[in-house]
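User: I would like to go over the empty spaces inside this protein. Could you take me through them?

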Amino acid sequence: MKKISYSVCGMCTVRCPIRVESDDEKITWIEGNPTLLGGALCARGLAGVALREDDQRPQTPLIRVGARGQGQWREASWEEALKYVAGKLDGIRRDYGPEAVTLSSRGGPWQALYKSFIHAFGSPNYTNHDAVCGRNTHHASLSLNGVGRTDFVYDIENAKHLVLFGRDMFSSLRIAENIKTIDMLEKGGRLTYIDVRQTRTGIKATRFFQVRPGTDYALALGIIHGVIKKGYYDQEFIAKYTSGFDELSAFIEQYTPAWTAKACDVKEKDIKAFIEEIGEDRPNVIFHPGWNLARYSDSFYASRALHILNVLMGNMEKKGGLLFSKGAGDCGVKGIRSIDISKPDIKRADGVGWKYPQFDKGPGILHLLYDAVRSGEPYPVKGWIAMRHDPLSCMPDPEAQKRLLDKLDLLVSIDTNYSEFGWYSDVILPESTYLERDNFIVQQKGLKPRLVRREQVMPPKYDTRASWEIFRDLARLLKLKDFIPFDTMEEFWQWQIEPTGHTLDEFDEKGFIDLVDEPVIFDPEKLDGKFKTPSGKIEFVSKKLTDCDLPSLKPYEAPVAPAAGTFRLIYGKTPLHTQGHTINNPLLIELMPVNCLWINTKVAQKLNISEGDIVDVFSADENYNASLPARVTDFIHPEAVYMTHGFGKDIPRQKRSLHSGASDQKLMSNGLTRWDKAGGCLSLCENFIRIEKSMRNNIKKIAI
Ligand SMILES: Nc1nc2c(c(=O)[nH]1)N[C@H]1C(S)=C(S)[C@@H](COP(=O)(O)OP(=O)(O)OC[C@H]3O[C@@H](n4cnc5c(=O)[nH]c(N)nc54)[C@H](O)[C@@H]3O)O[C@H]1N2
Ligand SMILES: Nc1nc2c(c(=O)[nH]1)N[C@H]1C(S)=C(S)[C@@H](COP(=O)(O)OP(=O)(O)OC[C@H]3O[C@@H](n4cnc5c(=O)[nH]c(N)nc54)[C@H](O)[C@@H]3O)O[C@H]1N2
Ligand code: SF4
Ligand SMILES: [Mo]
């Protein structure tokens with residue numbers, strides 16, 4: 001029977017709204033929601049069909065029988081596997097207390113479920129991926145604006161100038177944002193792109209700066225210098241809503257255009273020309289403060305400087321600027337109910353909130369959890385459930401991580417695929433793919449807050465389950481009170497939507513429900529109370545940072561140059577894959593089967609490497625090496641080499657992608673030790689590697 005379903009894409013965590021056509025057990029069409037995205041979708045979104053069909057994903061619960069990581073599994077029924085996990089969790093709770101169990105996830109709109117589960121179990125240790133993603137920029141926004149990075153919507157479509165520092169948005173996609181940016185460019189808007197290499201975004205830009213790696217903070221300081229010296233800032237806004245402007249003005253004195261040009265390897269005249277452009281375009285200028293900023297030890301300050309530039313532009317709550325994201329309460333309407341079991345009053349194992357008061361308590365900082373694993377302080381960590389999360393793929397030095405994981409009694413992976421963590425775990429609980437399951441209704445903040453839900457399009461192909469069923473059943477076995485007191489998703493949806501006055505049928509019209517008819521914009525003259533800093537002002541000098549012995553206006557320090565014969569390893573995404581988990585997708589691997597190593601032309605000449613040659617790459621401790629083809633180009637800074645993240649997989653059951661290309665995090669030896677003390681993120685771009693032309697290029701064909 002033909003069916004049309006509205007749902008939410010699950011091929012990456014952007015979660016675009018989709019419309020799916022199916023005919024009995026076959027999906028015949030997937031497109032972006034026509035009302036919200038005009039049908040647009042990316043290659044990965046379309047490859048969701050291949051994810052469902054993929055027989056190289058776990059098809060039943062699996063319990064490890066050999067040593068960890070050896071890949072010997074026995075298939076188990078759901079009843080047996082859940083009883084096994086619940087029994088182990090119960091044992092840890094009895095022997096060490098519930099706080100000895102941690103649950104990590106990829107965050108996002110459904111995290112309330114997993115967070116509530118671990119809280120109901122009695123542990124405060126919910127954590128997520130964000131310390132290798134957006135924590136630096138989130139903390140930078142909190143320290144300045146008192147609200148987090150997702151509390152703003154960027155009105156790109158109406159901007160006159162969008163400035164992106166390494167936010168490679170046409171590779172690292174968000175479909176709605178891409179559409180808005182194209183619209184802006186077609187209306188004559190300007191795009192300035194800053195990166196250490198040329199990218200899909202850079203080639204669409206009106207101005208491109210190829211900077212020395214790790215110097216974004218210097219460039220941002222130089223721009224602040226120019227903006228203040230030229231008077232290209234909104235004096236009224238600064239006087240009304242900010243504190244510390246005099247300190248900022250004094251601090252930037254030294255960061256002249258000439259200094260900046262030298263620090264960043266760019267031309268002084270180009271910096272000056274750019275400052276004139278933003279002088280003309282303000283206040284409709286947006287400085288994107290970054291997304292994945294787990295890059296350098298000063299990325300927090302670089303991002304803070306970009307947030308400061310938005311403030312100087314006076315673009316808040318103005319067309320073409322930064323608009324506050326509104327929830328139901330801001331719009332005077334009632335929102336949905338959600339599951340929300342509060343955190344037990346126990347110190348977090350990662351030290352966030354007590355040892356590290358500078359960080360937002362929310363999901364904590366995952367790599368700091370490893371300190372507790374290592375030392376047993378403040379208490380032992382004995383169990384880890386990774387829900388839609390692959391710590392071994394997303395954090396550096398997986399071998400060092402495995403040595404620490406060996407101290408734990410229980411590792412559980414709830415995943416649609418075999419992740420690297422799953423492969424090292426004790427139990428894999430396979431989740432049904434996003435096309436095969438329902439999820440809660442989600443209330444998305446924005447100019448018009450909206451309800452969306454993920455609806456099951458197809459029954460599961462294999463013996464897999466939805467995460468809400470997995471957690472519900474585990475909670476029942478563990479006798480956790482108040483956790484999901486319902487049996488079907490339909491019942492839960494009804495309970496969620498009831499206070500809003502809307503009905504579930506409304507989802508069938510266009511796939512989402514707007515809670516208000518018109519966008520809600522605050523009066524830009526009346527923003528008092530919106531900045532949740534201790535003083536209620538935008539704080540150029542933050543008391544919270546000062547109290548934690550951290551500077552607000554940190555003097556610039558140049559990044560260390562690579563030692564002779566080594567290169568700074570940098571990475572990014574491709575539009576054809578999501579992190580590491582689509583590499584084995586039957587359709588996507590066909591489009592991109594291997595990553596390659598970008599290397600500057602002059603450097604390549606010295607190493608006798610030509611385009612397409614196989615090169616060998618070695619981690620600093622020489623414990624990991626891999627081979628991949630070279631991409632020789634002028635458009636990368638000579639200090640750096642680049643590769644797409646996610647390759648170099650080592651999971652034998654994923655036969656298509658086994659050992660294909662190189663893994664950036666396996667090349668990051670000791671990478672767990674370098675992190676940004678103010679922002680919390682690991683500094684993933686502070687790793688240096690050695691490269692050689694591979695001997696394999698010389699293999700001659702031998703006729704037999
Ligand atoms: N197709 C696709 N889209 C995705 C994802 C995906 O996996 N695949 N993941 C999503 C997620 S979770 C995130 S967080 C976002 C991330 O999106 P982005 O924040 O855009 O992050 P990356 O793609 O990691 O960006 C890496 C870029 O930083 C550049 N870079 C390295 N060093 C420097 C430097 O010193 N200065 C400057 N200016 N640039 C530098 C690299 O050359 C590279 O181009 O993408 C999202 N979108
Ligand atoms: N070296 C390096 N490190 C990085 C990055 C980089 O570019 N380079 N990028 C960083 C960024 S921006 C991020 S956000 C993190 C990503 O962090 P990761 O944790 O690696 O995130 P993903 O790969 O998106 O997803 C994790 C797991 O979720 C599984 N999964 C996917 N869909 C589902 C589902 O529907 N249900 C369930 N249960 N599981 C599912 C996937 O199979 C995968 O194993 O990595 C960060 N680390
Ligand atoms: S960006 Fe692509 S993969 Fe990610 S949610 Fe949107 S359509 Fe799906
Ligand atoms: Mo991310």
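Analyst: The notes below cover cavities and a pocket in this predicted model.

User: How many cavities of 30 Å³ or more does the search find?

Analyst: The search of the whole structure gives five.

User: What is the volume of the largest cavity?

Analyst: The largest cavity holds about 110 Å³ of space. It is lined by 15 residues, and those closest to its centre are Asp 216, Leu 293, Arg 295, Ser 299 and Ala 302.

User: Which elements give two or more residues to that lining?

Analyst: Helix H8 (216–230) and helix H13 (299–313) do. The largest share, four residues, belongs to H13. By class, the lining has seven nonpolar, five polar and three charged residues.

User: And the second largest cavity: which residues are closest to its centre?

Analyst: That cavity has a volume of about 90 Å³. Of its 13 lining residues, Cys 9, Cys 12, Cys 16, Cys 42 and Arg 44 are the closest to the centre. The lining comprises nine nonpolar, one polar and three charged residues.

User: Turning to pockets, what lines the second largest one?

Analyst: The second largest pocket, with about 490 Å³ of space, is lined by 24 residues. Closest to its centre are Glu 399, Lys 402, Tyr 624, Asp 650 and Lys 666. Six lining residues are nonpolar, nine polar and nine charged.

User: Which domains does that lining draw on?

Analyst: At least three residues come from each of domain 1 (62–132 + 335–514) and domain 3 (566–698). Among the elements, helix H16 (398–405) gives the largest share of this lining, four residues.

Definitions and conventions: Residues numbered from 1 in each chain as written. Chains lettered and ligands numbered in written order. Predicted model: local features only at pLDDT ≥ 70, side-chain atom pairs only at ≥ 80, totals over all residues. Heavy atoms only, no water. 1 Å grid on protein atoms, 1.4 Å probe; cavity = no way out; pocket = protein on both sides within 12 Å on 5 of 7 lines; lining within 4 Å. Points joined across faces, edges and corners; volume = space filled by probe spheres on them. Nonpolar A, V, L, I, M, F, W, Y, C, P; charged D, E, K, R; others polar. Domains from an automatic or database assignment.
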